[in-house]
Amino acid sequence: MYRLTVTRKAAQCFLGSLTLGTVPSLHLSARSVFSPAVIRPHLRPQRSLAPPLCAFSTATATPVAMAATDKPVEKFRKDYKPSPYLISTVHLDFQLNEESTLVQSKLRIVPNHAESSPVSLFLNGHADVVLESIRVNGADLEASHYAADAQGLTIKSGLPSGEWDLEIATRIKPQENTSLEGLYRSGGMFCSQCEAEGFRHITYFLDRPDVMAKYTSRIEADKAKYPVLLSNGNLVDQGDLEGGRHFTVWEDPFVKPCYLFALVAGDLAVQEDTFRTMSGKDVALRIYTDAHNTSKVAFAMQSLKRAMKWDEETFGLEYDLDLFNIVAVDDFNMGAMENKSLNLFNSRLVLATPDTATDADFGRIEGVVGHEYFHNWTGNRVTCRDWFQLTLKEGLTVYRDQEFSADLNSRGVKRVEDVARLRAAQFPEDAGPLAHAIRPDSVIKMDNFYTATVYEKGAEVVRLYEALLGRAGFRAGLDLYFARHDGGAVTCDDFRAAMADASGADLGGLEGWYARAGTPRVEVGVEHDAGAGTLTVTATQAPPVLTARGGGGDDGRAGDAQAGEQGDSPPPLLIPIRLGLLGADGAQQPLHLRSGPGPDPAGGSEAVLRLEHQRQTWVFERVPARPVPSVLRGFSAPVRLTVRGQSREDLLFLLAHDADAFNRWEAAQRLGTALVLERYGAAVADGAGDGAEARAARAAGEADAGLADALRALLADPRLDGQFKAHALALPDLAELVPEVPGADPLLLHHVREAAARALAAALRPELERAARDNSDPPGAPYEFEAGACARRALKNAALGALARLGGEGVTQDLLARFRAATNMTDEAAALAALDRIGGKVRQEALDAFYAKWKHEPLVLLKWIAMQAASNLPGNTAAVRTLMQHEAVKLSNPNTCYSLFLAFARSPVNFHAADGSGYEFMADSVLQIDQINHQVAARMVGVFNSWRNYDAERGALMTAALRRMASANGISANVYEIVTKALP
């Protein structure tokens with residue numbers, strides 16, 4: 001499942017290309033082209049008649065009233081036990097109606113316990129599920145044998161020995177389901193979302209990922225209203241019924257857990273294509289959406305075909321069914337969901353045309369379509385034993401989608417984007433009150449653990465295997481993993497064992513990465529001996545500042561994470577450090593290892609140092625002159641790195657010459673961080689009482705000449721990718737700067753960063769104007785989504801954003817002209833964002849024109865909402881409260897909530913207003929949204945988690961807001977968990 005959060009999804013989704021200080025995530029494909037679509041109103045079923053799969057007497061049981069409970073229960077990984085029962089086959093029958101839906105299930109129950117007589121069976125349920133009947137082996141079960149409450153159904157007695165059939169009828173009301181879990185209505189469509197624990201909102205079931213079964217699903221509905229009826233697997237029957245109704249029957253030949261079940265019913269149009277697999281099988285590909293959106297799915301279809309081909313060529317993984325469906329859903333909590341053969345997508349991540357979507361939107365669609373397709377093997381064919389193992393499927397699949405995008409586009413730029421996201425979201429999470437290991441030890445609501453740690457850091461841990469084993473070794477390990485566990489529900493330990501057994505490598509030092517929270521710290525120092533011609537590299541590691549509660553292996557053994565909390569040092573981690581050396585001319589130097597652990601690079605330009613003790617030393621020979629070390633190339637491990645003795649001149653040299661794109665960008669980031677922090681210190685020391693912005697302007701002074709010269713040379717270098725230049729121009733984001741300043745004043749730090757960026761823009765003005773001019777398309781040029789064109793737009797719009805900081809009538813009029821003449825959303829949104837920065841009358845005129853043009857395109861209006869909510873205009877909180885009443889703002893829609901509230905939280909001027917009004921607004925909004933959608937509200941609470949990083953006054957205001965939310969009546973378990981863990 002592709003999570004939708006403030007970084008990997010929400011910030012990208014709602015801000016898109018609107019964030020000026022950073023370059024949005026962009027996945028480019030030189031092979032991206034548009035082809036004519038095959039559009040049909042819907043699939044017309046053949047006329048036939050079939051009875052329901054499960055025949056029930058629905059008058060044998062009295063509906064059970066469910067009493068809701070607000071008391072949260074914490075669950076622990078160490079308490080895992082196999083289910084006493086399994087389910088081999090599931091037959092589902094859905095009778096969809098406007099007032100309610102009848103769900104009939106027939107389950108083949110298989111004992112999985114050692115007791116001589118049957119034990120009680122507990123099936124998960126929910127307060128919104130009404131039990132209508134229950135039968136065992138065809139006979140009604142007496143009421144004395146079972147009990148139901150808001151948590152589930154317990155069959156206490158009356159169970160036969162051996163395998164047996166359980167038939168349950170339940171009634172639900174999807175139209176009243178605003179949580180968007182289980183079965184719900186989105187517009188005029190029925191759709192489902194069952195990960196992590198949504199299936200229990202549909203019927204009583206063993207709702208856990210280690211219970212895997214084969215599913216057959218029958219769906220019945222009004223044919224005129226819902227001509228398309230979809231579920232998992234292959235379509236095996238369909239037909240018309242009396243009363244204007246019709247049905248379809250779907251059969252999935254592969255076992256799966258219930259979280260992968262999916263259902264869609266609606267009046268949808270479809271775009272069709274085919275893909276021929278490497279074995280010669282033709283797979284039907286279909287993307288369903290509302291009829292007026294069919295012209296917007298061609299790119300998603302092409303992305304799907306590229307992903308299928310890439311997975312075959314890279315990992316030898318072929319699709320296993322005859323049909324692959326995607327459905328675009330407007331109201332969706334997550335980004336997308338990998339249900340077997342029926343992927344459900346947030347509409348934002350499927351629909352795109354040049355007019356309505358930015359380059360970043362296209363890149364995101366390509367990556368997310370790939371992510372969900374790749375889950376077919378890493379998540380569906382092999383799934384998680386329990387939800388504590390979530391990173392097993394998500395971390396691995398994020399790694400796979402990152403590699404997919406890197407192979408199709410610029411690998412160096414992709415790595416920069418991925419690490420920037422990691423540092424902006426996951427590093428703060430790892431240092432905050434909700435820090436947790438990638439394999440957490442306890443949870444109240446599993447929905448709250450779809451986090452940057454589980455996804456992004458989980459992907460970095462998978463990347464450690466590749467760094468240590470090489471690509472061939474990693475592929476061999478993955479092949480063994482599938483060979484051992486296809487069709488199973490397994491653990492992170494099983495993955496590590498397959499990697500170790502396939503390679504023969506000792507990977508025991510990687511276990512700690514699964515068990516500990518926090519970001520490890522690594523220090524590297526180098527000493528050159530000119531007489532001996534040697535270079536000695538010494539690396540030390542220190543444990544994270546924060547550690548997870550508990551830890552250990554998947555057998556529940558206590559691990560080493562707790563030791564850090566008690567003051568003892570946990571065992572060292574295994575950390576690969578990729579190293580290169582640059583000579584005085586900037587060329588890479590050959591490496592010859594004299595002593596130290598690890599393979600000898602034998603004259604190659606890179607070495608992977610295997611740091612597995614607290615301190616280790618390597619000696620390289622044939623190094624006649626002092627080189628400049630390039631350490632942690634490609635960000636080979638998710639650590640906080642210090643290079644002892646690294647000078648400003650070394651960083652400028654790396655920025656000018658390093659062959660590793662990531663470390664070249666990293667040099668610019670380190671120089672930018674040092675610049676901002678130095679001037680922040682000066683602003684703090686400024687005793688004048690004329691406000692943060694004035695003090696920041698005085699502290700900024702002139703541009704740093706050395707950094708300006710380095711960036712000037714970078715802009716002039718024709719060999720460099722335009723996107724890389726755009727990234728290098730941006731100073732570090734506030735989220736990365738705040739942790740570097742104890743007790744930071746976020747408003748002052750923001751103004752210092754802006755002043756420093758403005759000074760650099762002034763120094764580079766001729767170069768920025770040239771970049772904007774030289775990378776502008778001539779009038780009438782058609783839009784192309786290909787690597788070169790996207791790179792030009794990225795550099796042009798980064799230059800325009802920088803010039804907007806300088807203001808002036810000439811800049812304003814140029815931006816206004818570009819906004820009006822834009823022929824694609826990338827340029828239109830970028831010009832609007834630049835005008836927003838300038839402010840004044842022209843800002844409002846541009847916003848009004850944008851709304852008038854796009855008011856009938858809800859996805860485009862998300863950019864308009866986010867632009868206004870994220871504005872740093874002083875006093876904008878009141879304007880955002882007013883914006884909530886606008887007809888374009890639908891608070892029942894998760895995309896709207898993320899665009900409005902999470903964008904507002906990115907405004908340091910207003911969210912961090914000294915009077916606490918921003919915190920008050922967010923707390924009010926969390927409580928309001930919690931009454932509609934618990935998952936969305938819980939994600940909104942996350943903006944308060946970093947309160948410890950700020951000055952005492954703001955920390956007190958943020959904790960007061962947290963306490964107010966914690967004490968509110970009727971808050972959900974989702975919000976309760978986040979709030980109580982964030983509080984001191």
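**Reading a predicted model, one feature at a time**

Author: Let's start with R496, whose place is in helix α7, residues 492–503. Keep in mind that this is a predicted model.

Reader: Is R496 buried or exposed, and why?

Author: The cut-off for buried is under 20% relative accessible area. R496 has 11% relative accessibility, so R496 counts as buried.

Reader: Which residues is R496 in contact with, leaving aside its neighbours within four places in sequence?

Author: They are Y465, L507, L510, E511 and Y514. Within α7's own stretch of chain, there is also a polar contact of 3.2 Å between the side chains of R496 and D493.

Reader: L510 is on that list. How far apart in space are L510 and G598?

Author: From C-alpha to C-alpha they are 16 Å apart, while 88 residues separate them in sequence. G598 is found in the loop between β29 (593–595) and β30 (607–611). Because its relative accessibility is 39%, G598 counts as partly exposed.

Reader: Now a helix, please. How do I read the span of α19?

Author: Set the reach of the helix beside the expected value. Helix α19 covers residues 809–821, 13 residues in total, and its first and last C-alpha atoms are 18 Å apart, close to the 18 Å expected at 1.5 Å a residue.

Reader: Which residues of α19 are buried?

Author: V811, T812, L815, L816 and F819 are buried. Looking down the axis of α19, you find these buried residues within an arc of 130 degrees, so they line one face of the helix. E809, G810, R820 and A821, on the other side, are exposed.

Reader: What do the buried residues of α19 pack against?

Author: Their packing partners are four helices: α17 (765–774), α18 (787–804), α20 (825–838) and α21 (840–854).

Reader: What does the record say about residues 299–508?

Author: An unreviewed UniProt entry annotates them as "domain: Peptidase M1 membrane alanine aminopeptidase". In the model, this stretch is 56% helix and 10% strand, with its end C-alpha atoms 43 Å apart.

Reader: What is the mean pLDDT of the protein?

Author: The mean pLDDT is 92, and 91% of the residues reach 70 or more. Over residues 5–49, though, the pLDDT is below 50, and the model gives this stretch 165 contacts beyond near neighbours in sequence. Residues 56–69 also stay under 50, with 33 contacts beyond four places in sequence.

Reader: How should I treat places where pLDDT is low?

Author: The predicted coordinates there should not be read in detail.

Conventions. Residues numbered from 1 in each chain as written. Predicted model: local features only at pLDDT ≥ 70, side-chain atom pairs only at ≥ 80, totals over all residues. Heavy atoms only, no water. pLDDT = per-residue confidence, 0-100. Contact = heavy atoms within 4.5 Å. UniProt positions renumbered as here; feature names shortened; annotations may be inferred. Helix = DSSP H or I, 4+ residues; strand = E, 2+ residues; numbered from the N terminus. Expected span 1.5 Å × (residues − 1). Buried < 20%, exposed > 50% of the residue type's maximum accessible area, 1.4 Å probe, protein only. Arc of directions from axis to C-beta. Polar contact = N/O pair within 3.5 Å; in protein donor to acceptor, adjacent residues only side chain to side chain.
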